[in-house]
Amino acid sequence: MTKHSQILLGLLVVGSLLLAACGAAATPTPSGPVTIRWFVGLGTGQQPEQLEAQEAVVAEFNASHDDIELVLEVVNNDVASDTLSTEIAAGNAPDIVGPVGVAGSNLFTGLFLDLQPLIDSTNYDLSDYDPATVEFYRDPSGALTGLPFGVYPSFIYYNTTLFDEAGLNYPPHAVGEPYVMPDGTEVEWNYDTIREIGMLLTVDANGADATSPDFDPANIVQFGWHTQWTDPRGEATQFGAGNFVDADGNAVVPDQWADYYHWAYEGIWTDHFIPNDTYLNSDLLVQGNTFGSGHVAMVALHLWCHGCYSGTDFNLAVMPANNGVTTAKLHADTFKIMASTQHPEQAFTVLSYLLDEAANDLLLVYGAMPARFSLQGDYFTTLDAAHAQGVDWDVAVAMLGYPDNPNHEANMPNFARAVERYNEFQSLYRGTEGVDIDAELARLVADLQAIFDSAE
Amino acid sequence: MPNTEEKMKKPNYFSSVLNKRMRGWVVGGLVTMFALILLLAWLAPFGYMISTSLKTQLQISDITAPLWPAAPNQVEIEGQTYDVFTVPVGEASPAWFDVNGDEVQDPDEASLANGDYELAIVERGRESSKFVDPNDAAAGAIHWVGRWRTLSTAWRFEPQWQNYAEAWELPSRPFTFATLLYNTFAIAVLGIIGTVISCTLVAYGFSRFRIPGKGLLFGLLVSTIFLPRIVVTVPTYALFIQFGWVGTWLPLILPHFFANAYNVFWLRQYLMTIPREMDEAAMIDGAGPLQILWFVIIPQIMPAIITVALFHMVFAFRDFFEPLIYLSSRPELQPISVGVQQFNALFGQRPELIQTMALLGLILPVLIFFVAQRAFTRGIVYTGVDK
Amino acid sequence: MAIGERILATFKRSPKPPKSPLQRHETRWGLIFLAPWIFGFLVFILLPTLATLVFSFTDYSILHVSETRFIGLDNYTRMLSDPIVGQSLMRTLTFFVMAFPLAIFIPIGLAALLNSEHLRFRRFFTTFFYMPYMVPLVSAVLIWGGFLSPTGGWMNRLLETIGIQGPDWLRSTTWVYWSLLIVGIWGNGNAIVTTLAGMEGVPRELYEAAKMEGAGSFATFRHVTLPMISPIIFYNLTLASVGLFQYFLEPYVLFAQAGDPGGSTLFFPMYLFQNFFQFQEMAYGAALAWVLFLIILAFTAVWFALRKFWVYEAERE
């Protein structure tokens, strides 16, 4: 290589290195409006009608604010955390993230802005919130990373047509009410009852139900029960709240959770009233949207899915009890400001707009119950308009009183790795026949312990 | 020589010209037949794709439905829609009228004669159901004993062409599919321009000029093929943010103006097969390197250039991860490969619309490939033989 | 293709003869033509690659950017005690061993069919065999998800008509590899088309000569076609190796929502990807990425070394 070209090459390398290195500090200060980027994807917000509503909110905001330009960024849920990680790593983090739940936030622990100083400096009015729901967003370090926005209680969506066809009575709409069997006997609304009627509601292609001796488990066309779109913690929490990590940071499986995994495993592989992985990922159950498929009689799921089923033949029932205790897992979504934002005040302006002016429009399409007292009244009126056949929304309100505490999405050391590991367990018990649940649980605890230990 | 003997024997079987031609027809027919059968198996997933694109969501989740787009046989009675089944009435499955709507066990006078009936189901039950005769709804419900799930229904062929209209309109977006189509091809065409210009220049440099360290440089070039893409993803993203390129097409287009290993490699191999005599003659006539490139080299390597253009078109069409991360905030700038994702949302999967969009997007590249195939394959022929 | 030789040649050529003005002129023009690539290489390849290498010696994570420290080779030594590294590498190798022969031989077989002088409508056939390569990933993944579904999927319905009870293609830990292979081969249009083009480029005279010798069509294929297209086979072989070692995107999208059967598709690049983006351990991910790069380089170096034993090369430059 000639000396000349060597110098040229050297200059190029240095030049491009400089270009990359100095950029992080040198953010240009534009004279126009400040751009605030709103990232949607970690939770709900990607359905067509949600996209429309969000875009309308952005348009309205921009029309009424000259100093801020709000930009919407929607990414599909399955690639959202990867995309957000890339953006953060590259120094291009968005300003506002949401709607995001507990699990979505856990992945980015410590990266959200403490809102307390902004609340204090703007005299933001917190009186419209239940103080307990505000404290829900205070992290262990004392920072307030979010304000309550929407809550999604869970309950049972049941398909009335499928109950009618089986000649069964509908499940109870109030906690403590018994279930009336076809012969008139009253039984407690618990998971034994779920199993019993679940099997009657599970039917093969020949019309035989799961209690029948000639039932064909390879050709099931309708199932009795499913807990839709949740991980093993979300499933097991229905038997009683708990977590895979105890107060001392050790890996555990709470007793009631072990009971659940046995119950679910039997339900999938012996009694067949819960779909296995193969059925879940088939077109029959619309790749896992079991309530939406219309082929599952009872689905435990959150309020956010009230639009998942296009039919009108459904209603809501309360969660059953396990050992006398009813647990309905709770989701709560909000918007969070990233601590890396260059414009915290403007981001807070957008945040309060989303929580106040835009709240009604957004909550409706997200399917969330408003956390603000003042908004709750109108909410169910609009839901009734959307589902004219009459849905017993009181069930949803009632289920708010039985939340899972600790929450099934609560944080764990080395969160993403732990989630990856216990999801493997779910895929195992849902996908494989002949699994020794106790042995697998022991293996899970050992692996989780190692994962917890490796967190600094 | 045994070979000559064998050769001598063969004409005995097919001595006449006519026989030879017939033999050609038979062999050609057989080979084409075989290829056709193979192609049918190869394209079976496309059958699924096309069929899905024309189905309703309801049919997709009904596993008893036929493979082709169809609608169940239904009738409307007094404003309500009911499914129609072929109901066999016989010893094992008796049926009788239930005029008052009451539960009747065995009213002898109104039993149906044995035979098959086309009846609309009005009330499903596990072991017995109620039907009405669509032609005589006033006669009342027919009580039939048996499992309705074992009944057969006559499906009608009913493709949902409106899926194409819906996918074209993109109901959740303020723009139509035409925008995605335009984006895809604009990104592809701009990238093609960049890659063709830069790769031609670089390949020309590598094949025609004596440069110190050229072998090393060429080795470096080829080794970039082996670099996992993820190694460069995050730093490159960081770089493009500094350039202010995120949220624009630039990250998908501009890097292609700086050549890439695959295409430089192809073009260089092709250039190696072109004799140097012509450039030397041009050089003696006083032509500079640029003139030689333009007037002598490019006309000769046109097939290879078209190949590069086609390779890049298909690359741009398939590229998923980069448009995803660079255009996530700008849906109106996304190409089809990413835009199709909106129908794959967790809570609202619309498989029929995804397939519809994918098929709409395929038409043009497949046509281009069909037409440009000759140059495409010829381009590879020359570059392929190592020299 | 003589990269190895070229690299060696540059080192051998140490006693440089003094340059003539003409030669300097040529060098300058050559460098001008190479400039776009050199610039692109530095900015889009070398710089990011080195940045990743630097990352791999730190404990960088987006969760604590400001506390990033240099930790030397810790990320590399950590791999030795991380059981998933070995497991996922084994999976990648297993899949490689299964897929590699098919990735080579099926395109050759199809290209031979498409190149047959007896075949009518060749352009039509070639286009349609190539077409799956152009299907967008998201759509292809859904097509196969539905096509291979054990409940009502076309594949098992077709198998049923010939009396075979099809397996659970995508949810069984043993069958999932075969399913991925089918998906991969279906979308391997580039290899088919390049091989076909290579076959079309074999001079007619060679076939004529083979015919004169009385060689049958199989012998002709074995002794004329294959050696003549060996450079193309070599090219596809190299690309297939590189592609298979980096393989993860199809199963990643396919199982993004449902999870894969028993972790059976956690290939090495997938684990790398997870560390990078999911576990927020970008530094560890960067180290894994570099290891993958070195493995691929070593592997392809073996191909290049073995090349002279079987790849036909016409006169060298």
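Student: What makes both faces of strand β10 (residues 314-317) of chain A count as covered?
Tutor: Look at the residues on each side: A:Phe314 and A:Leu316 on one, A:Asn315 and A:Ala317 on the other, and all of them are buried. A residue is buried if 20 or more other C-beta atoms lie within 10 Å of its own, exposed if 12 or fewer do, and partly exposed in between, with C-beta atoms placed from the backbone. So each of these residues reaches that count of 20 or more. Do keep in mind that this is a predicted model: local features need pLDDT of at least 70, side-chain atom pairs count only at pLDDT 80 or more, and totals for chains, interfaces and linings use all residues. As for labels, residues are numbered from 1 along each chain as its sequence is written, while chains are lettered from A and ligands numbered from 1 in the order in which they are written.

Student: How do you know that strand β4 (residues 150-159) of chain A and β10(A) are paired?
Tutor: Strands pair if DSSP finds at least two bridges between them. β4(A) and β10(A) have four, in the antiparallel sense, so they qualify. Across from A:Ala317 in β10(A) you'll find A:Ile156.

Student: What makes β2 and β4 of chain B edge strands?
Tutor: Start with the sheet, which is open, has six strands in the order β2-β3-β5-β6-β7-β4 and pairs in the antiparallel sense. β2 (74-77) and β4 (95-98) have a single partner strand each, so one side of each has no neighbour in the sheet. From one strand to the next, the twist averages 50°. Such angles run from 0 to 180 degrees between N-to-C directions, and the axes are lines fitted to C-alpha atoms, for helices over the stretch in contact.

Student: Which residues sit across from each other inside that sheet, say between β3(B) and β5(B)?
Tutor: B:Val84 has B:Ala120 of β5(B) as its bridge partner, and B:Thr86 has B:Glu118. Strand β3 (residues 80-89) and strand β5 (residues 115-123) of chain B pair over six bridges, antiparallel. On to strand β6 (residues 128-132): β5(B) pairs with β6(B) over three antiparallel bridges, and B:Ala120 partners B:Val132 there. A hairpin through four residues joins β5(B) to β6(B).

Student: How many strands does chain C have?
Tutor: Zero, next to 14 helices. A helix is a DSSP run of H or I with at least four residues, a strand a run of E with at least two, and numbering starts at the N terminus. So no run in chain C counts as a strand. Of the 317 residues of chain C, 44% count as buried.

Student: What makes chains C and B count as touching?
Tutor: Two residues are in contact if their C-beta atoms, placed from the backbone, lie within 7 Å. By that rule 83 residues of chain C and 86 of chain B take part. On the chain C side, α2(C) gives the most, with 20 residues. That side divides into 52 nonpolar, 22 polar and nine charged residues. Here Ala, Val, Leu, Ile, Met, Phe, Trp, Tyr, Cys and Pro are nonpolar, Asp, Glu, Lys and Arg charged, and the others, Gly among them, polar.

Student: And which helices of chain C each supply at least two residues of the side that touches chain A?
Tutor: In that contact, 28 residues of chain C meet 35 of chain A. The helices are α2 (21-55) and α13 (268-278), and α2(C) provides the largest share, six residues.
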